[in-house]
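Open the structure in your viewer and keep the sequence panel visible. The tour goes from one selection to the next.

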Amino acid sequence: MKKIVILTQAKLNKLMEQEIVAYEKKQNKAYEREILSRQIDVSALQGQINPHFLYNVLECIRGQALLYQVPEIADTTEALSKFFRYSINTKSDTVTIQEELENVKNYIKIQQFRFKNRISLEILYDKQEEQILSGFIPKLSLQPIVENAIEHGFANKSEENHICIELMQTKRHVSIRISDNGCGMNQEKLEELKNKMYAKELPYDEKGAAHNGIALYNVNRRLQLFFGEEYGITVSSVENMGTDFEIFIPFKVGI
């Protein structure tokens, strides 16, 4: 015999309120994800009157460098062109891990020219598990972390600066560790960085300007909005030894 459940008007109202709140939360997350994604697009497009003009100029510089047998300038110009194309392309918010790594390689090549090859990059993963490269990740998740290592971790170092990106996969998850041998941070600075990165809202300073931690905040928040609050970035650091950032996301193909 079926049991008949009779709901009072008060219970019906409560259920409706719960449904409305759940729907609003879902809509707010989608809106926040869109805003964070657009922030990246705006940053990439600022000052770009005509991207094709930029690409054509870079290709001309590359051609002249090859003509005069200056391969270092030719290679750097090509890397810069690819980096801009990747950053400005707005076709999709997600890319494969392999595409993200290629963008990081181009970025490092540009920085090697700037720092006279004092920066090296190492990418490690199990070659028998190459499927990890086909996993999807929000676009421009890795490069801001690498840039942070160069601009802050290597700021006062003149010797060899090394960045290692290590990929690890379980059946359902992917871990991407970005390590550097930079100056590291003491506990106070590390906690300050964590507070900025895990803030509930976009970090601003007392003058109302976006804080320096906006890039890491943006990456962490986008990862959470794409995959869930349990995912994102963790960070650890030892002063005078280096810093480790670790991205933890589910393994997904074809988002």
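Is arginine 62 buried, partly exposed or exposed? Arginine 62 is partly exposed, at 22% relative accessibility (buried is under 20%, exposed over 50%, partly exposed in between; 1.4 Å probe, protein chains only). This is a predicted model, in which local features need pLDDT of at least 70 and side-chain atom pairs count only at pLDDT 80 or more, while totals for chains, interfaces and linings use all residues. Residues are numbered from 1 along each chain as its sequence is written, and side-chain values use heavy atoms, leaving out hydrogens and water.

Next, add glutamate 59. Its side chain meets that of arginine 62 in a salt bridge (3.4 Å, N to O); the term means a side-chain nitrogen of Lys or Arg within 4 Å of a carboxyl oxygen of Asp or Glu. The two residues are 3 apart in helix H2, about one helical turn (helices are DSSP runs of H or I, at least four residues, and strands are runs of E, at least two, numbered from the N terminus). Glutamate 59 is partly exposed, at 44%.

Now select glutamate 151 and arginine 114. Their closest N and O atoms are 2.9 Å apart in a salt bridge. The pair links distant parts of the chain, 37 residues apart: glutamate 151 is in helix H5 (residues 143–153) and arginine 114 in helix H4 (residues 97–114).

Finally, go to arginine 177 and glutamate 246, a salt bridge at 3.6 Å, N to O. Arginine 177 lies in strand S5 (residues 173–180) and glutamate 246 in strand S7 (residues 242–250), so this pair ties together parts 69 residues apart in sequence.
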